[in-house]
Amino acid sequence: MKNILVLMTCMLILTGCPNEKEIKETTDSLLQKKIEAMKAIGSADFSFEGLMKSQDYFFDFSEKVHLMKEDDKVRARIKKMIKTNGADSFCSDFVLPLRTWQELSKYCQGAGPNKCSTDMVEYQMILNKFFDLIGNDLASSLKNNQNCN
Amino acid sequence: MKKIILLICLISTQVFAGDKTAIQLGDVVKRVSEKNYNVYENALKVYQAKTSIEKARADLLPRLNIWSIAKIIIDPASILDQMSDIAPFLVPANWFRLEEVKLLYLAEKEGYRALWGNEVHQAKILYGHLVFDEILLRHIQDSIVEMDRVHRIVKTREAFGGVKQGAARDIEIKILGLHEDEQNLQVLLKEERDQLSYVLGFSSDVELLLSPVPMPDFTNLKPIQSKEYEFRVLSMSPERRQFDHFLSALSQVKKEIEYSFLGSSSMSRGVAGGIFDNLPNGNGIGLGNGAALKIVDAQKELMKTQKLGVEETLKRQLRAVTNQFNSDVLNFNNFKRRVELSQDSKNALLRRIQLGENVDVLELSEVSRNQIQAETALIAVQFRTIIGFDRFNRLIFNEDYSMNPPVIDSLKGVKP
């Protein structure tokens, strides 16, 4: 029985590895996409290619928020990440500041129908949804952070 | 007895007479969203995909039966054989399956949005065609009346030798041709009405009464630059976004194989997972895993190619729609001028007849035909412009298409 218990503990530790790897891959990829989007919007690159680069971030972010809505575990994981790393680090790593998004929004709302995707147009709304999902305390710490605004 | 038979006849006429329902173009989106059979079917599929997430999550919890408990009591070491039943959460492949189910649910939702958009667009096109054909029918009927008038004049003149023999016969041939057009159009209208009532989810005995389509100010419409909307078309396209979700799900499939040495998953990928059914599962620390990963990589490449195909098709569709729309907008004044000129020509000839001048009646029938054609072309271009702009809105998911299709709870009348 003792052997079984030892074996089960080893299994628990071993099976934790893919979970950690998964989180790292997800966060690295979102960070990379955020950097690309910031670069494109910052240089006012609203060409087809520039917008496509920015779209990668907005699509990924809204996909993650949708998944968070469906899964308590993902919510818990994100909350833990914010608590551990702090609002400053979380905002600068994963959240595209609203002021940057506003630059993009100005281009989108030019003459004629909106020129951007729903993920871009509704970014502020999706971000608010994200704040609702993480709870008031954490949300207010992110809302007050300069890197998120 | 006679009275009773009469009463029965009266009641049966009332019972079997089709209901008449008045609808407007504005009702089409709501009606398609709530009553269209295909939309409802797909809403149910999305509901199944969403519920698959709950199922996959529940499958991570222990699932025991009396025989497995008995086996463990007799032989505690057998607990290791039944690890996937006793502690499915210890098998990483199961978590990846859960992630796949969630991503496939998002893909299913996109598929549903595409289908809903297409059904709404089809219904709006049908509505537009129906109203256009009704106008055309009235136009043909008016033309028949007018040609009859010309025919009478020609017949009288022919009797008195004012026109060459056979002129009345030639005009009668044209009138018969118009009657033929009238009959064909009436048959087409019945077919279109049936198709529209089906798309709008009405029962077959309902007769639809359509309100006119509100016409925009065509002279104020501006051409659309297709290049400016290429990004929006691609980024909003549910067909393309579906592939993005599939590609995300494929990354999970790959991880599932990589970690299969900790056990493989027997969980279903849900209703939307059918497209991955042919992909191999990991089989522990086996030599087949390398090949299985290559198969998944190839599948990823295949889907990227399909996504590229979708993108190129969408770009071409956008260009075709905007080219036609821009051409119609720029040429609208020509169509209008053509109607004015043909009307002037006909009125001038009629005035000359009234003044007793000797007018070539065949010329009069030709002028009348020109006017009919010019008016028909103007109406056709107006409807083509409306439908073209709606197609553009469907491509960029604008206006009526900007909302999300209804979920099953709201379709069943339950608050979601």
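**Exercise 1. Classify the packing of α8(B) and α10(B), which are oblique to each other.**

The model is predicted.

Step 1. Choose the descriptors. Two packed helices are described by the angle between their axes and the distance between the axes.

Step 2. Read both values. The angle between α8(B) and α10(B) is about 140°. Their axes lie 10 Å apart.

Step 3. Apply the cut-offs. Angles over 145 degrees would count as roughly antiparallel, and 65 to 115 as roughly perpendicular. The pair α8(B) and α10(B) is therefore oblique.

Step 4. Add the handedness. The crossing of α8(B) and α10(B) is right-handed.

Step 5. List the residues that make the contact. α8(B) supplies S226(B), Y229(B), E230(B), V233(B) and L234(B). From α10(B) come E311(B), L314(B), K315(B), L318(B), R319(B) and T322(B).

Step 6. Sort them by class. The contact of α8(B) with α10(B) has 5 nonpolar, 2 polar and 4 charged residues.

**Exercise 2. Describe the side of chain B that touches chain A.**

Step 1. Count the residues. Chain B brings 20 residues to the contact, and chain A brings 22 residues.

Step 2. Find the elements. Those of chain B that give two or more residues to this side are α6 (92-159), α8 (226-236) and α9 (238-258).

Step 3. Pick out the main contributor. α8(B) gives the largest share, 7 residues.

Step 4. Break the side down by class. On chain B, 12 residues are nonpolar, 2 polar and 6 charged.

**Exercise 3. Is F332(B) buried, exposed or partly exposed?**

Step 1. Locate the residue. F332(B) sits in helix α10 of chain B, which covers residues 288-354.

Step 2. Count neighbours. F332(B) has 17 C-beta neighbours inside 10 Å.

Step 3. Compare with the limits. Buried needs 20 or more, and exposed needs 12 or fewer. F332(B) therefore counts as partly exposed.

Step 4. Name the contacts. Leaving out residues up to four places away in sequence, F332(B) touches F218(B), T219(B) and V381(B).

Step 5. Check one pair by distance. F332(B) and V120(B) are 212 residues apart in sequence. From C-alpha to C-alpha, F332(B) and V120(B) are 27 Å apart in space.

**Exercise 4. Summarise the fold of chain A: how many helices and strands does it have?**

Step 1. Count the elements. Chain A has 8 helices and 0 strands.

Step 2. Write their order. From the N terminus, chain A reads α-α-α-α-α-α-α-α.

Step 3. Take the burial. Of the 149 residues in chain A, 26% are buried.

Step 4. Look at sequence separation. Among contacts in chain A with a separation of 6 or more, 65% join residues 24 or more positions apart.

Key:
Residues numbered from 1 in each chain as written. Chains lettered and ligands numbered in written order. Predicted model: local features only at pLDDT ≥ 70, side-chain atom pairs only at ≥ 80, totals over all residues. Contact = placed C-beta atoms within 7 Å. Helix = DSSP H or I, 4+ residues; strand = E, 2+ residues; numbered from the N terminus. Nonpolar A, V, L, I, M, F, W, Y, C, P; charged D, E, K, R; others polar. Axes fitted to C-alpha atoms, helices over the stretch in contact; angles between N-to-C directions. Parallel < 35°, antiparallel > 145°, perpendicular 65-115°, else oblique. Left-handed = near helix turned anticlockwise from the far one by under 90°.
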